[in-house]
Amino acid sequence: MAFELVDIAQEYDKLVQVLRKHKPDAIVHFAEQRAAPYSMKSPTTKRYTVDNNINATHNLLCALVESDVNAHVVHLGTMGVYGYGWTGTAPIPEGYLEVKIDTPAGEVRREILHPANAGSVYHMTKTLDQLMFAFYAKNDELRITDLHQGIVWGTQTPQTVRDEKLINRFDYDGDYGTVLNRFLMEAAIGYPLTVYGKGGQTRAFIHIRDTVRCIELAIQNPPAKGEKPVIFNQVTETHRVKDLAELVARIAKAKIDYLPNPRVEAEQNELVVENRNFISLGLEPTTLIQGLLEEVQSIAKKYVTRIDQSMIPPHSTWRTQKPPSNPIKSLKRQSKKTLQRPAKKSAGTKSKVSI
Ligand SMILES: NC(=O)c1ccc[n+]([C@@H]2O[C@H](COP(=O)([O-])OP(=O)(O)OC[C@H]3O[C@@H](n4cnc5c(N)ncnc54)[C@H](O)[C@@H]3O)[C@@H](O)[C@H]2O)c1
């Protein structure tokens with residue numbers, strides 16, 4: 001096994017050399033800025049996310065064509081490309097939607113990429129990746145599988161349990177921590193679980209063990225040359241955030257804190273997802289009920305001493321916040337003005353200020 005360090009968004013020529021040298025049969029493309037909250041932090045992080053993610057994916061596709069390496073690309077995309085909250089209870093298909101178009105010559109049926117509905121700059125880059133995949137599969141006959149992955153939770157895989165040195169990173173902070181891992185860590189230290197808004201958001205989840213199994217299954221089942229990109233929904237369960245918080249709170253005897261939502265998103269949504277492809281290939285999902293207790297006890301509690309509590313509250317907001325006005329001061333200002341300048345309104349007109 002070899003290791004090569006390449007910034008694939010910046011070092012295009014090196015990437016071409018690495019491909020020519022190793023001639024891989026398959027490439028698992030993880031290499032993107034992967035946090036939605038980080039992507040929404042500032043103009044700098046928005047621009048970095050676009051520069052890095054779009055260039056990384058395009059450089060890889062372009063380098064495969066230039067190097068004439070016939071590798072199957074397996075990309076880690078996201079369920080967030082479909083958006084949350086406008087499909088209602090309509091099941092979200094695996095990437096493609098069949099549509100009927102009325103034409104003067106009668107009804108025409110087409111299979112199109114499911115409409116994209118990004119909820120952050122990070123998700124927007126993943127929707128743009130899809131268009132690049134469609135183009136390179138059509139134009140250069142690259143073989144591509146795009147995995148629309150749900151939110152990953154859990155820490156250990158059958159490989160990492162073999163030695164503590166192999167353990168995965170466990171992000172619990174507001175930018176990089178995924179929701180369920182955050183709840184688990186918060187519960188372990190007695191910090192109230194941080195639910196955004198009323199917690200009516202429904203999201204798709206997958207345990208990290210199943211993530212790696214899905215990647216293995218995707219590699220073993222490549223599309224043919226000339227085929228459009230294969231898209232799999234890499235999810236095993238959907239849950240409402242509030243229900244998840246209540247479940248973790250019950251297991252770990254934790255409290256729940258409903259915070260003002262820092263994101264711009266539907267307060268409540270349905271999410272019905274098709275995931276037949278992986279199940280038919282043999283995936284046996286790890287369910288939340290099976291895995292949660294183990295994660296709380298064996299991981300979250302074991303590493304509590306490493307937690308920096310100041311990293312837990314969310315620090316990224318989807319819209320620039322104006323400094324909050326002081327309602328008491330502005331009331332005083334307004335009543336002073338009213339005293340100095342008698343209102344021109346007729347007696348009986350109600351004041352706009354009420355206490
Ligand atoms: N964790 C999740 O819940 C989740 C959900 C859906 C999709 N994904 C996607 O899965 C992939 C892996 O995410 P992860 O959570 O394991 O995060 P991760 O940070 O462990 O993996 C991303 C890796 O990409 C590398 N990278 C970024 N830009 C690069 C560049 N220009 N050149 C070379 N390497 C670069 C980073 O250094 C990092 O090692 C990402 O593409 C992410 O968007 C993750």
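What follows is a walk through a predicted model of a protein chain with a ligand, going from the overall layout down to single residues.

To start with the big picture, the protein chain has 355 residues, and 33% of them are buried. The chain holds 10 helices and 11 strands. Its C-alpha trace spans about 85 × 65 × 40 Å along the principal axes. How do the contacts spread along the sequence? If contacts with a separation of 6 or more are counted, 83% of them join residues 24 or more positions apart.

Next comes the ligand. It has 16 residues around it, and those that come nearest are Ala-9, Ala-31, Arg-34, Leu-76 and Val-152. Which elements supply at least two residues each to this shell? They are the helix α3 (43-67) and the strands β2 (72-78) and β6 (151-153). Sorted by class, the shell is a mix: eight residues are nonpolar, five are polar and three are charged.

Now for a pair of helices. Helix α7 covers residues 241-252, helix α9 covers residues 288-300, and the two pack with their axes 11 Å apart at an angle of about 55°. That angle is neither under 35 degrees nor in the range 65 to 115, so α7 counts as oblique to α9. The crossing of α7 past α9 is right-handed. On the α7 side, the residues that meet α9 are Leu-247, Val-248, Ile-251 and Ala-252; on the α9 side, Leu-292, Leu-293 and Val-296 take part. What classes of residue make up this contact? Seven residues are nonpolar, with no polar and no charged ones.

Both of these helices turn up again around helix α5. This helix runs over residues 179-189 and is mostly covered, with 10 of its 11 residues buried. The buried set includes nonpolar names such as Leu-180, Phe-183 and Met-185, but Arg-182 and Glu-186, which are charged, are in it as well. What does the covering? Among the elements over the buried residues of α5 are α7 and α9, together with the strands β6, β7 (193-196) and β8 (202-207). Strand β6 is thus part of this cover, and it also supplies residues to the shell around the ligand. Just after α5 comes Gly-190, with a positive phi near 75°.

Positive phi values also show up at two residues that are not glycine. One is Glu-141, where phi is about 55°. Glu-141 sits in the loop between α4 (121-139) and β5 (143-149). Is Glu-141 buried, exposed or partly exposed? With 13 other C-beta atoms within 10 Å, it is partly exposed, because a residue needs 12 or fewer to count as exposed. The other is Lys-253, with phi near 55°. Lys-253 belongs to the loop between α7 and β11 (256-259). It has 9 C-beta neighbours inside 10 Å, so Lys-253 counts as exposed.

Finally, there is Asp-146, a residue of strand β5. Asp-146 is buried because 28 other C-beta atoms lie within 10 Å, and 20 or more is enough. Which residues does Asp-146 touch, apart from neighbours within four places in sequence? Its contacts are His-75, Gly-77, Gly-95, Gln-130, Phe-133, Pro-229 and Ile-231. His-75 and Gly-77 fall within β2, one of the elements that supply the ligand shell. As for Lys-126, it is 20 residues from Asp-146 in sequence, and the C-alpha atoms of the two are 10.0 Å apart in space.

Terms used. Residues numbered from 1 in each chain as written. Predicted model: local features only at pLDDT ≥ 70, side-chain atom pairs only at ≥ 80, totals over all residues. Near = placed C-beta within 6 Å. Helix = DSSP H or I, 4+ residues; strand = E, 2+ residues; numbered from the N terminus. Axes fitted to C-alpha atoms, helices over the stretch in contact; angles between N-to-C directions. Parallel < 35°, antiparallel > 145°, perpendicular 65-115°, else oblique. Left-handed = near helix turned anticlockwise from the far one by under 90°. Contact = placed C-beta atoms within 7 Å.
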